[in-house]
Amino acid sequence: MKKMPAEILREYGPFPGIDHVHGVTYDGEQVWFASGDKLNAMDPGSGERRRSIDAAAYAGTAFDGEHLFQVAGELIQKIDPGTGLVLSTIPSPSGGASGLAWAEGTLWVGQHSRRKIHQIDPDTGNILRTIESNRFVTGVTWIDGELWHGTWESDGSDVRRIDPQTGDILECLEMPPDIGVSGLGADGDRFFCGGGDSGKVRVIRRPGRQSDGGR
């Protein structure tokens, strides 16, 4: 396993009226983050919050290229980002869900204290595969065929790349002390990390990339 300090490139927030950032995803132009009762779209260049959607948004968020998916308690909601309408729901895995990502036509769901990541059918919620982790799982994201997830347990937090078949840890980016990762999204060069009760979204460099944190 390759281990290194996470390089924080930029911080957004805290945002007015928002005291907690949960799930995070990237739609190709905007960063979406969950803040309890809203999904918020933010311009990653300016850091400006462009709009919000009323939604139960206390955990993971994902984008499939057209729709948003949001963990809402015992359900995962499929949401039209233009109208904010909930188009359909599926059950989330028993025991609750934390992170959420879209890849290969399926959803990948982190389970926090159960230390698991499930691949599930986006139409039925059926579990297709389960990966074990050795730490509490927070945000989950796929980028360029790589599966990454956040951890946050006790006072330690990191972002790690794992083998999607075995769960073996391949790379680990350790966050500074007292800085945790809740949600996780990516745009190729950068990871967008929810900062939990800091109310912030932080940008960290993806290993081997040269992004300066802004566009």
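**Sheet, hairpins and selected side chains in a predicted model**

Strands E2, E21, E20 and E19 are arranged in that order in an open sheet of four strands, with antiparallel pairing. The edges of this sheet are formed by strand E2 (8-12) and strand E19 (184-186), each of which pairs on one side only. From one strand to the next, the twist averages 20°. The structure described here is a predicted model, and every value below is to be read in that light. Within the sheet, strand E20 (residues 190-194) and strand E21 (residues 201-205) run antiparallel and are joined by five bridges, and arginine 190 is found opposite arginine 205 of E21. In general, the strands of a sheet pair through backbone hydrogen bonds, in either a parallel or an antiparallel manner.

A second region of interest is centred on strand E8 (residues 68-72), which is mostly covered, five of its five residues being buried. Side chains in a regular strand alternate between the two faces of the sheet. In E8 both faces are covered, since the buried residues are Leu68, Gln70 and Ala72 on one side and Phe69 and Val71 on the other. On the side of the preceding strand, E8 pairs in the antiparallel sense with strand E7 (residues 61-63) over three bridges, and glutamine 70 in E8 is the bridge partner of threonine 61. The hairpin of E7 and E8 has four residues between the strands, and in this hairpin glycine 65 adopts a positive phi near 105°. E8 also runs antiparallel to strand E9 (residues 75-79), to which five bridges join it, with alanine 72 standing opposite leucine 75 of E9. The hairpin formed by E8 and E9 has two residues between its strands, and glycine 73 in the turn shows a positive phi of about 65°.

Aromatic pairs were also considered, and a search of the whole structure finds five of them. In one of these, the ring centres of phenylalanine 69 and tryptophan 102 are 5.6 Å apart and the planes lie at 15°, so the pair is stacked. Because phenylalanine 69 belongs to strand E8 and tryptophan 102 to strand E11, this pair ties together parts that are 33 residues apart in sequence. The two partners can also be described by their accessibility: phenylalanine 69 is buried, with a relative accessible area of 4%, whereas tryptophan 102 is partly exposed, with a relative accessible area of 26%.

Two buried polar residues were examined for their surroundings. Threonine 151, in strand E16 (residues 146-153), counts as buried because its relative accessibility is 0%. The side chain of threonine 151 is joined to that of arginine 135 by a polar contact of 3.0 Å. When residues up to four places away in sequence are not counted, threonine 151 touches Arg135, Phe136, Thr138, Gly156, Ser157, Asp158, Arg160 and Val181. Glutamine 111, which is found in strand E12, counts as buried at 2% relative accessibility. A polar atom of the glutamine 111 side chain lies 2.8 Å from the backbone oxygen of serine 94, and the side chain of glutamine 111 also makes a polar contact of 2.6 Å with the side chain of histidine 118. With neighbours within four places in sequence left aside, the residues in contact with glutamine 111 are Pro93, Ser94, Gly95, Gly96, Ser98, Lys116, His118 and Val137.

Attention finally turns to backbone geometry in the loops. Most residues other than glycine have a negative phi, and most peptide bonds are trans. The peptide bond from glycine 13 to proline 14, however, is cis, with omega near 5°, and proline 14 is located in the loop between E2 and strand E3 (24-26). Glutamate 104 has a positive phi, near 55°, although the residue is not glycine; glutamate 104 lies in the loop between strand E11 (100-103) and strand E12 (106-111) and counts as exposed at 61% relative accessibility. A positive phi, near 70°, is likewise found for aspartate 178, a residue other than glycine. Aspartate 178 is placed in the loop between strand E18 (169-174) and E19, and with a relative accessible area of 72% aspartate 178 is exposed.

How values were computed:
Residues numbered from 1 in each chain as written. Predicted model: local features only at pLDDT ≥ 70, side-chain atom pairs only at ≥ 80, totals over all residues. Heavy atoms only, no water. Buried < 20%, exposed > 50% of the residue type's maximum accessible area, 1.4 Å probe, protein only. Polar contact = N/O pair within 3.5 Å; in protein donor to acceptor, adjacent residues only side chain to side chain. Contact = heavy atoms within 4.5 Å. Pairing = 2+ DSSP bridges. Axes fitted to C-alpha atoms, helices over the stretch in contact; angles between N-to-C directions. Phe/Tyr/Trp six-rings, centres within 6.5 Å; stacked < 30°, edge-to-face > 60°.
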